[in-house]
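Q: I have a new model open on my screen and would like to learn how to read it. Could we start with a charged pair and work outwards from there?

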Amino acid sequence: MNKILGILFAIIVLVSCNSQKVYSDFDISYSKSGGYAPVYENLLIKGNNVHYSFEGQGKKYKQDFKISDEDLKKLDQVLSQNNFRRIQEDRKKIYDNVSTSINVKKGPNEGSKSDASMIISNYQTNWKNILEAFQQIINTNVKKQ
């Protein structure tokens with residue numbers, strides 16, 4: 001009986017650990033979270049596979065889809081043209097604000113940026129252009145219920 005319980009416990013642990021893998025194994029991530037009425041939005045890209053999740057405003061959904069090589073090239077081009085790696089974050093504290101984080105783990109634009117403390121004014125246009133590129137991917141591919 002103890003062996004069966006031990007095996008069952010091991011299976012439960014393995015399944016629960018594997019369910020979080022999608023949130024850690026990615027090449028590019030776009031995450032938006034926070035606010036007075038919290039919103040959580042994630043777009044995770046691994047190769048051509050994309051995982052999207054949204055929770056907030058009384059809604060909750062997830063969707064997996066494929067992104068074309070052309071769309072990936074466009075996204076990488078937007079990151080490069082807008083100097084993603086050079087964007088500077090301000091150090092001012094902002095509370096109860098919806099913030100966006102972008103993390104690139106692969107390629108020439110490798111880096112991590114967030115507007116949780118705002119983006120320095122010289123780079124705000126660049127940041128806005130990058131956010132629009134991610135939003136365009138979401139708007140084109142996600143079928144919201």
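A: Happy to. Keep in mind that this is a predicted model. Let's begin with Lys-106 and Asp-27, whose side chains meet in a salt bridge with an N to O distance of 3.9 Å. The cut-off for a salt bridge is 4 Å between such a nitrogen and a carboxyl oxygen, so this pair qualifies.

Q: Which parts of the chain does the pair of Lys-106 and Asp-27 link?

A: Distant ones: the two residues are 79 residues apart. Lys-106 sits in the loop between strand S5 (98-104) and strand S6 (111-114). Asp-27 belongs to the loop between helix H1 (2-19) and strand S1 (28-34).

Q: Is Lys-106 buried or exposed, and what about Asp-27?

A: The two ends of this salt bridge have separate settings. Lys-106 counts as exposed because its relative accessibility is 55%, and the threshold for exposed is over 50%. Asp-27 has a relative accessible area of 11% and is buried, since buried means under 20%.

Q: How many salt bridges does the structure hold?

A: Four. Two of them are within helices, and it helps to look at the spacing along the sequence. In one, Glu-70 and Lys-74 meet with 3.6 Å from N to O. These two are four residues apart in helix H2 (residues 69-81), so about one helical turn separates them. As for the surroundings, Glu-70 is exposed at 52% relative accessibility, while Lys-74 is partly exposed at 44%.

Q: And where is the other helical pair?

A: Look at Lys-128 and Glu-132, whose closest N and O atoms are 3.6 Å apart. Both belong to helix H3 (residues 124-141), and their spacing of four residues again corresponds to about one helical turn. Glu-132 has 41% relative accessibility, so this residue counts as partly exposed. Elsewhere, salt bridges with shared partners join Asp-27, Lys-46 and Lys-106 into one network.

Q: Which charged residue is buried yet has no salt bridge?

A: Glu-41, which lies in strand S2, is such a case. The nearest side chain of opposite charge is Lys-32, at 4.0 Å. Glu-41 does have a polar contact, though: its side chain and that of Tyr-52 are joined at 2.5 Å.

Q: Now the overall fold. What pattern does the protein chain follow along the sequence?

A: A good habit is to list the elements before looking at how they pack. Here the protein chain has three helices and six strands, in the pattern α-β-β-β-β-α-β-β-α. Of its 145 residues, 34% are buried. Taking contacts between residues at least 6 apart in sequence, 55% join residues at least 24 apart.

Q: In what order do the strands of the sheet stand?

A: First the general idea: strands of a sheet pair through backbone hydrogen bonds, in either a parallel or an antiparallel manner. In this model, six strands make an open sheet in the order S4-S3-S2-S1-S5-S6, with antiparallel pairing. At the edges are strand S4 (59-66) and S6; each has a single partner strand, so one side of each lacks a neighbour in the sheet. From one strand to the next, the twist averages 5°.

Q: How many bridges pair S1 with S2, and how many pair S1 with S5?

A: S1 and strand S2 (residues 39-46) are antiparallel and pair over seven bridges. Within that pairing, Gly-34 stands opposite Val-39 of S2. S1 and S5 are likewise paired in the antiparallel sense, over seven bridges, and Tyr-30 has Ile-102 in S5 as its bridge partner.

Q: What should I look for in the hairpins?

A: Check how many residues lie between the strands, then check the backbone angles there. The hairpin of S1 and S2 has four residues between its strands, and Gly-35 takes a positive phi near 105°. The hairpin of S3 and S4 has two residues between the strands, and in its turn Gln-57 has a positive phi of about 55°. Strand S3 (residues 49-56) and S4 run antiparallel, joined by eight bridges. One of the partnerships you can trace there is Glu-55 with Lys-60 in S4.

How values were computed:
Residues are numbered from 1 along each chain as its sequence is written. This is a predicted model: local features need pLDDT of at least 70, side-chain atom pairs count only at pLDDT 80 or more; totals for chains, interfaces and linings use all residues. Side-chain values use heavy atoms; hydrogens and water are left out. Buried means under 20% relative accessible area, exposed over 50%, partly exposed in between (1.4 Å probe, protein chains only). Two strands pair if DSSP finds at least two bridges between them. Axes are lines fitted to C-alpha atoms, for helices over the stretch in contact, and angles run from 0 to 180 degrees between N-to-C directions. Lys and Arg count as positive and Asp and Glu as negative; His and the chain ends are not counted. A polar contact is a pair of N or O atoms within 3.5 Å; within protein, one must be able to donate a hydrogen and the other to accept it, and residues adjacent in sequence count only if both atoms are side-chain atoms. Contact means heavy atoms within 4.5 Å.
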